[in-house]
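Trainee: I've got this model open and keep drifting from one end to the other. Pick a single spot, take me through it closely, and then follow it outwards into whatever surrounds it.

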Amino acid sequence: IVFTNAARVSKILGSTTFYNLVCTEPNKELQFDATAGVTNSIAAGGRLTLQGDADADDHRVKVRSTVADTMAALALADGASAVVKYVDVRDSDASGGITVVAEDSVGRDANNLNWSFISIRPGDIIVWTGDAGTGWATPDNWNCGRAPVETDDVRIPAGCVNYPVAA
């Protein structure tokens with residue numbers, strides 16, 4: 001499903017499993033259902049794509065709960081992937097799945113669980129630890145808590161417990 005039209009708030013109500021959920025519309029607001037027991041999920045093999053615009057803070061995709069100060073559940077299944085950049089996240093509980101890594105985004109102190117807010121600079125040195133297994137895209141296998149991007153300088157040292165396996 002693709003969300004467009006920044007002039008209107010989109011409310012995602014009830015429990016739904018998505019294969020692909022996409023919003024690349026700057027300043028678009030997505031509200032996830034905060035009803036107890038409701039979870040919106042991204043299926044294994046599916047992808048969450050939330051990408052605003054880097055030009056200004058008001059060009060971020062906004063991720064919200066339908067009820068202020070009440071968390072809405074969003075779960076990424078093992079094997080799901082995410083491209084999340086330039087978003088503004090508040091009241092989101094992603095603890096039912098893998099960590100959602102949000103690049104150059106805001107929400108670190110905004111009532112969110114299992115979200116990792118990171119900044120990426122071209123040429124970052126990123127070192128494999130293998131602490132969480134053999135998955136290349138698993139954030140906990142890297143020293144900085146995120147998987148590599150194409151501009152990183154990747155290093156895989158000798159002596160690791162696990163080594164990456166290409167999928």
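Mentor: Let's start from Leu-74, which sits in strand S7, residues 72–76. Keep in mind that this is a predicted model. Leu-74 has a relative accessibility of 3%, so it counts as buried, the cut-off being under 20%. What does Leu-74 touch, once residues up to four places away in sequence are set aside? The list is Phe-32, Asn-40, Leu-48, Ser-92, Asp-93, Ala-94 and Trp-115. There's also a backbone approach to look at: the C-alpha atoms of Leu-74 and Thr-39 are 5.8 Å apart, with their positions 35 residues apart along the chain.

Two of those contacts, Phe-32 and Trp-115, make good trails to follow.

Take Phe-32 first. Strand S4 covers residues 29–32, and 4 bridges connect it to strand S6, residues 61–65, with the two running parallel. The bridge partner of Phe-32 in S6 is Ser-65, while Leu-30 has Val-63 as its partner there. On to the next strand over: S6 is joined to S9 by 3 bridges, again in parallel, and Val-61 stands opposite Val-87 of S9.

Put those pairings together and you get an open sheet of 4 strands, ordered S2-S4-S6-S9 and paired in parallel. Its edges are S2 (10–12) and S9 (87–89), each of which pairs on one side only. On average, neighbouring strands in this sheet are turned by 20° against each other, ignoring direction.

So how many residues of S6 are buried? The count is 5 of 5, so S6 is largely enclosed by the rest of the structure. Both faces are covered: Val-61, Val-63 and Ser-65 are buried on one side, and so are Lys-62 and Arg-64 on the other. If you were judging by residue type, it's worth pausing on that second face, where a lysine and an arginine are both buried.

Now the other trail, back at Leu-74 and its contact Trp-115. The structure has 3 aromatic pairs. In one of them, the rings of Trp-115 and Phe-117 have centres 5.9 Å apart and planes at 10°, so this pair is stacked. Trp-115 and Phe-117 are both buried. Another pair, Trp-128 with Trp-142, has ring centres 5.0 Å apart and planes at 80°, so it is edge-to-face. Trp-128 and Trp-142 both lie in the loop between S14 (125–127) and S15 (153–155), so their pairing ties together parts that are 14 residues apart in sequence. As for cover, Trp-128 has a relative accessible area of 1% and is buried, and Trp-142, at 3%, is buried as well. Add Trp-136 to Trp-128 and Trp-142 and you have one aromatic cluster.

While you're checking loops, have a look at the backbone between S11 (100–103) and S12 (112–113), where Asp-104 is placed. Most residues other than glycine have a negative phi. Asp-104 isn't a glycine, yet its phi is positive, at about 45°. Asn-111 lies in the loop between S11 and S12 too, and its phi is near 65°, also positive in a residue other than glycine. Are these two buried or exposed? The answer falls in between: Asp-104 is at 25% relative accessibility and counts as partly exposed, and Asn-111, at 36%, is partly exposed too.

Finally, zoom out to the whole chain. Its secondary structure comes to 0 helices and 15 strands. The radius of gyration is 16 Å, close to the 15 Å from the globule rule for 167 residues, so the chain is as compact as a globular protein of that length. Along the principal axes, the C-alpha trace spans about 50 × 35 × 25 Å. Buried residues make up 41% of the 167. The exposed area is about 8,500 Å², with carbon and sulfur atoms supplying 49% of it. And for contacts between residues at least 6 apart in sequence, 49% link residues at least 24 apart. The Leu-74 and Thr-39 approach you began with spans 35 residues along the chain.

Notes
Residues are numbered from 1 along each chain as its sequence is written. This is a predicted model: local features need pLDDT of at least 70, side-chain atom pairs count only at pLDDT 80 or more; totals for chains, interfaces and linings use all residues. Side-chain values use heavy atoms; hydrogens and water are left out. Two strands pair if DSSP finds at least two bridges between them. Axes are lines fitted to C-alpha atoms, for helices over the stretch in contact, and angles run from 0 to 180 degrees between N-to-C directions. The radius of gyration is taken over C-alpha atoms; the globule rule is 2.2 Å times the number of residues to the power 0.38. Buried means under 20% relative accessible area, exposed over 50%, partly exposed in between (1.4 Å probe, protein chains only). Contact means heavy atoms within 4.5 Å. Accessible areas come from the Shrake-Rupley method with a 1.4 Å probe; for residues, only the protein chains shown count as cover. Rings of Phe, Tyr and Trp (its six-membered ring) pair if their centres lie within 6.5 Å; planes under 30 degrees apart count as stacked, over 60 as edge-to-face and the rest as tilted.
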